[in-house]
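Hi everyone, thanks for making room for me today. Please have the sequence and the structure open while I talk, and I'll walk you through them.

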Amino acid sequence: MTNTDIDPDIDRLHGLMALMTGDEKHSPAATSTLDALWVLYDRVLRISPASVDRADRDRFLLSKGHGPMAYYAVLAAKGFFPEAWLTGFGSYDSPLGHHPDRTLVPGAEIGSGSLGHGLPLAVGSVLGLRAQGLTDSHVWVLIGDAELDEGSNHEAIAFAGPAGLEQLHTLVIDNSSATYGWPGGIASRFEAAGWSAETVDGRDHEALYAAFTAPHPGRPRAVVARVEPKNA
């Protein structure tokens with residue numbers, strides 16, 4: 001399903017996002033992630049309000065923390081916190097800040113907003129799970145294409161491939177906001193480091209689901225979700 005199809009879930013999520021107002025809401029940064037986030041939470045991630053404290057849960061890390069509106073809308077839709085919280089977004093006494101705080105937002109794994117931190121934290125999360133013998137839990141991290149300008153991400157990419165971190169999944173939202181690039185596109189950067197990588201339409205739900213669930217034995221997985229800037 002693409003963004004041109006009638007999808008009541010996405011319509012509802014847009015309605016939830018409309019409850020969040022303010023001058024610093026980074027709406028384009030949020031809407032570019034909405035479809036991919038919904039597919040992950042609705043069809044892929046093994047996590048729910050009832051399992052947020054289970055050691056064997058899947059983990060989702062929002063590294064692109066400066067645009068959390070879609071993230072908050074998806075968490076509210078899935079029952080992690082009341083939808084009524086959304087109207088207070090960004091206010092002094094609201095738990096829903098302009099950058100997520102893991103101590104305040106139910107379901108949030110990390111506090112984020114400083115770009116370039118999420119992927120290294122995801123690598124560390126996988127290593128920690130391995131050390132505990134929890135090899136069935138998957139770790140997902142969502143980053144923006146501009147975050148790949150940060151050197152910390154490239155260190156994480158270079159480590160994760162040779163280390164064979166199969167539990168690690170990186171979702172890159174590509175809306176042409178990066179300063180730099182690579183011959184062959186973003187996916188080629190990951191492939192050069194030994195990752196399994198694929199580029200898909202970031203609004204096509206079936207393409208996203210297929211890419212998210214594709215087997216990649218012995219290698220970390222990167223999915224580049226391409227979103228046209230005019231629709232970001």
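**The sheet and what packs around it**

Let me start in the sheet: E3 and strand E5, which covers residues 221–226, pair in the parallel sense over six bridges. If you'd like one pair to click on, take aspartate 174, whose bridge partner in E5 is arginine 226. Before I go on, please keep in mind that this is a predicted model.

Now zoom out a little. What is the order of the strands in the open sheet? Reading across, the five strands run E1-E2-E3-E5-E4, and the pairing is parallel. The edges are E1 and strand E4, residues 196–201, each of which pairs on one side only. From one strand to the next, the twist averages 20°. As a general reminder, strands of a sheet pair through backbone hydrogen bonds, either parallel or antiparallel.

Let's go along the sheet from the E1 edge. E1 and E2 run parallel and are joined by four bridges. One residue to look for here is phenylalanine 60, which has tryptophan 140 in E2 as its bridge partner. Tryptophan 140 also stands opposite histidine 169 in E3. That takes us to the next pairing, where strand E2, residues 139–144, and E3 pair in the parallel sense over six bridges. Leucine 142 stands opposite leucine 171 in E3, and isoleucine 143 stands opposite valine 172 in E3. To get from E2 to E3, the chain passes through H6, and this β-α-β crossover is right-handed.

How many of the residues of E2 are buried? Six of its six are, so to speak, under cover. Val139, Val141 and Ile143 point one way, while Trp140, Leu142 and Gly144 point the other way, and all are buried. Strand E3, residues 168–174, is mostly covered as well, with seven of its seven residues buried. Both faces take part: Leu168, Thr170, Val172 and Asp174 are buried on one side, and His169, Leu171 and Ile173 are buried on the other. So the Asp174 that I showed you at the start, bridged to arginine 226, is one of those buried residues.

**On to the helices**

We've met H6 in the crossover, so let's see what it packs against. The axes of helix H5, residues 118–131, and helix H6, residues 151–163, come within 8 Å and cross at roughly 30°. The two are therefore roughly parallel to each other. Which residues meet there? From H5 we have Leu119, Pro120, Val123, Leu127 and Arg130, and they meet Ser152, Asn153, Ala156, Ile157, Phe159, Ala160 and Ala163 in H6. By class, that contact has nine nonpolar, two polar and one charged residues. On spacing along a helix in general, an α-helix has 3.6 residues a turn, so residues three or four places apart point the same way.

Helix H3, residues 34–44, is mostly covered, with nine of its eleven residues buried. The buried ones are Leu34, Asp35, Ala36, Leu37, Trp38, Val39, Leu40, Tyr41 and Val44.

**Two loop residues to finish**

I picked out two loop positions for you. Is serine 51 buried or exposed? Serine 51 sits in the loop between H3 and strand E1, residues 59–62. Its relative accessibility is 11%, and because buried means under 20%, serine 51 counts as buried. Not counting residues up to four places away in sequence, serine 51 touches Arg46 and Arg57.

The second is isoleucine 110, in the loop between helix H4, residues 69–77, and H5. With 14% relative accessibility, isoleucine 110 counts as buried too. How far apart in space are isoleucine 110 and leucine 61? They are 49 residues apart in sequence, yet 6.2 Å apart in space, C-alpha to C-alpha. Leaving aside its neighbours within four places in sequence, isoleucine 110 is in contact with Leu61, Leu62, Pro100, Arg102, Gly118 and Leu121.

That's my tour; thanks for listening, and I'm happy to rotate the view for anyone.

How values were computed
Residues numbered from 1 in each chain as written. Predicted model: local features only at pLDDT ≥ 70, side-chain atom pairs only at ≥ 80, totals over all residues. Heavy atoms only, no water. Axes fitted to C-alpha atoms, helices over the stretch in contact; angles between N-to-C directions. Parallel < 35°, antiparallel > 145°, perpendicular 65-115°, else oblique. Contact = heavy atoms within 4.5 Å. Nonpolar A, V, L, I, M, F, W, Y, C, P; charged D, E, K, R; others polar. Buried < 20%, exposed > 50% of the residue type's maximum accessible area, 1.4 Å probe, protein only. Pairing = 2+ DSSP bridges. Right-handed = clockwise from strand over helix to strand, strands pointing away.
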